[in-house]
Amino acid sequence: MAAAKGDGAVGELELQAAIGFNGHVPCGLICHPDREHILYPLGCMVVIQHLDTKKQSFLHGHADNVSCVVVSRDGMDVASGQVTCIGFKADIILWDFPKQELLARLSLHKGKVEGLSFSPRGIYLVSLGGQDDGRVMVWDVSKREAVCGSPASPRSAGNANVVMCSSCRDEMFVTAGNFTIRVWELDTATKKIHPSECYAGQLRRITVCVQMTDDDDDFYLGTTSGDVLKVNTSSKVVTACGPQKKKFSMGVTALLLPKTGGLIVGTGEGTVALCTGSDFQVKKRMRVEGAVTSLTCRGRDDQFFIGTNKGQMYHSAYATFKEELVAVCHTEAVNDIVFPEGHSDLFVTCSTNDIRVWYTPERLERLRITVPNVTCHAVEVTRDGMVIVSAWNDRKIRAFVPATGEPMYEINNAHNLGVTAIAATSDCKQIISGGGDGQVICA
């Protein structure tokens, strides 16, 4: 709570917990190497959450939405990038994970930081700018300064979308994107980076995710065409492409190389599949809600996490390959929030398509009421706690049972331009509504 100071000023509110996950950030959900924490972006901050206690802490420092997050292999450093207005510099922030403190701001990219990757020993940080920037930069982590940079893709190709450092060598990394695949070498003596184009034959693909093998022999690329490319780092040649017959619907959006072998593929339609062999034959599969944007393993344990663009987090074991929902949140703007009279352990929110009831101590969703293709503008809980009354853009007032979410009644055509505000009298006998037409009605 805000604390009053001696001069009459009001102190700042301390953020204790947040319900949310920006699942639109590629590879935004990350398991920390200590196997006890997960990290993910949420608005202008990075959330650190303990997996067992659910305790959260926050990395504040960005002035706009976080666009990418990465953790060094030893877990000591975290780097995050952001978006900003076109023409303005987009910051990269280096964080000390144990102390959860800001170490440095690295500001050379413009518009957006598309991707980040630490070298194996954490000596270098490689950053990729967005389409308005188009550069790849190498940073010295200890000196907090840029080593060198270069255009990320040739003029004959499109933008680079992803970057991934080598698993063994600090001086090597790869970039890929719209019809471009490059393997880069850093010359520490001249402080320059040199690209080598990878040969893909007749294949023309747009890459959206990448994974490097532990031995650096190969790396895998997920494409919008729904297939996976395997590229040899030595020959710079695509050595495999699949599946050939039935490609993954809505593209391959995330990849994971588990220690148990095979390749886990996440797709735009919400399928998570375990593939094996050079033809990427599907051995196991499961389905989640939304497009898969993150796949991350919990150290060497037999489990991994899945993040989707619907704000859902799932947990699964390699052996069972069954999804378990662990966190949910709204995916659109939250339009209203209300606590029931005399209760602080529950609160109600509304957004596009739905109303949700949350349990405050554990930040868990207890109830979801969904009405497709309409937006809930406001919500109210009657003083006796017996009714949830809601205002919708289809000109209706809807009432629901708080315990089950069952509909109680509807008031049609309450306002011509949609119902935008709602309240109930203290005796729970009347409803007062406001509409887009400027009218206030007591029913």
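Here is a walk through a few parts of this predicted model, from one strand and its partners to a core, a loop residue and a pocket.

Let's start with strand 14 (172-177), which is mostly covered, with 6 of its 6 residues buried. You can see this on both of its faces: Met172, Val174 and Ala176 are buried on one side, and Phe173, Thr175 and Gly177 are buried on the other.

Now look at what sits on either side in the pairing. Strand 13 (160-165) runs antiparallel to strand 14, and 5 bridges join the two. To find the register, pick out Ala160, which stands opposite Gly177 in strand 14. The link between strand 13 and strand 14 is a hairpin of 6 residues. Strand 14 also pairs with strand 15 (181-187), again in the antiparallel sense and over 5 bridges. Here Met172 is the handy marker, standing opposite Glu185 in strand 15. The hairpin between strand 14 and strand 15 has 3 residues between the strands, and Phe179 in that turn has a positive phi of about 65°.

From here, step into the largest nonpolar core. It has 16 residues, and those touching the most other members are Val174, Ile181, Val210, Phe219 and Leu221. Strands 13, 14, 15, 17 (207-212), 18, 19 and 20 (237-242) each supply at least two residues of this core. Strand 14 gives the largest share, 3 residues. For a feel of the packing, take Val210: leaving aside neighbours within four places in sequence, Val210 is in contact with Val162, Val163, Met164, Val174, Phe219, Tyr220 and Leu221.

Next, follow strand 18 (218-223) to the loop that leads to strand 19 (228-232), where you'll find Thr224. Is Thr224 buried, exposed or partly exposed? Thr224 counts as partly exposed because its relative accessibility is 43%, which falls between the 20% limit for buried and the 50% limit for exposed. Not counting residues up to four places away in sequence, Thr224 touches Ile206, Val208 and Gly251. The C-alpha atoms of Thr224 and Thr207 are separated by 6.5 Å, with the two residues 17 apart along the chain.

Finally, let's turn to the second largest pocket, which holds about 690 Å³ of space. Its lining counts 29 residues, and the closest to the centre are Ala17, Ala18, Ile19, Gly20 and Phe347. Strand 30 (residues 346-359) gives the most to this lining, with 3 residues. By type, the lining divides into 14 nonpolar, 11 polar and 4 charged residues.

Definitions and conventions
Residues are numbered from 1 along each chain as its sequence is written. This is a predicted model: local features need pLDDT of at least 70, side-chain atom pairs count only at pLDDT 80 or more; totals for chains, interfaces and linings use all residues. Side-chain values use heavy atoms; hydrogens and water are left out. Helices (H or I, at least four residues) and strands (E, at least two) are DSSP runs, numbered from the N terminus. Buried means under 20% relative accessible area, exposed over 50%, partly exposed in between (1.4 Å probe, protein chains only). Contact means heavy atoms within 4.5 Å. A nonpolar core is a set of buried Ala, Val, Leu, Ile, Met, Phe, Trp, Tyr and Cys residues joined through side-chain atoms within 4.5 Å. On a 1 Å grid over the protein atoms alone, a cavity is a set of points where a 1.4 Å probe fits but cannot get out, and a pocket is an open set with protein on both sides within 12 Å along at least five of seven lines; lining residues have an atom within 4 Å of a point. Grid points are joined across faces, edges and corners, and a volume is the space filled by probe spheres set on the points. Ala, Val, Leu, Ile, Met, Phe, Trp, Tyr, Cys and Pro count as nonpolar, Asp, Glu, Lys and Arg as charged, and the others, Gly among them, as polar. Two strands pair if DSSP finds at least two bridges between them.
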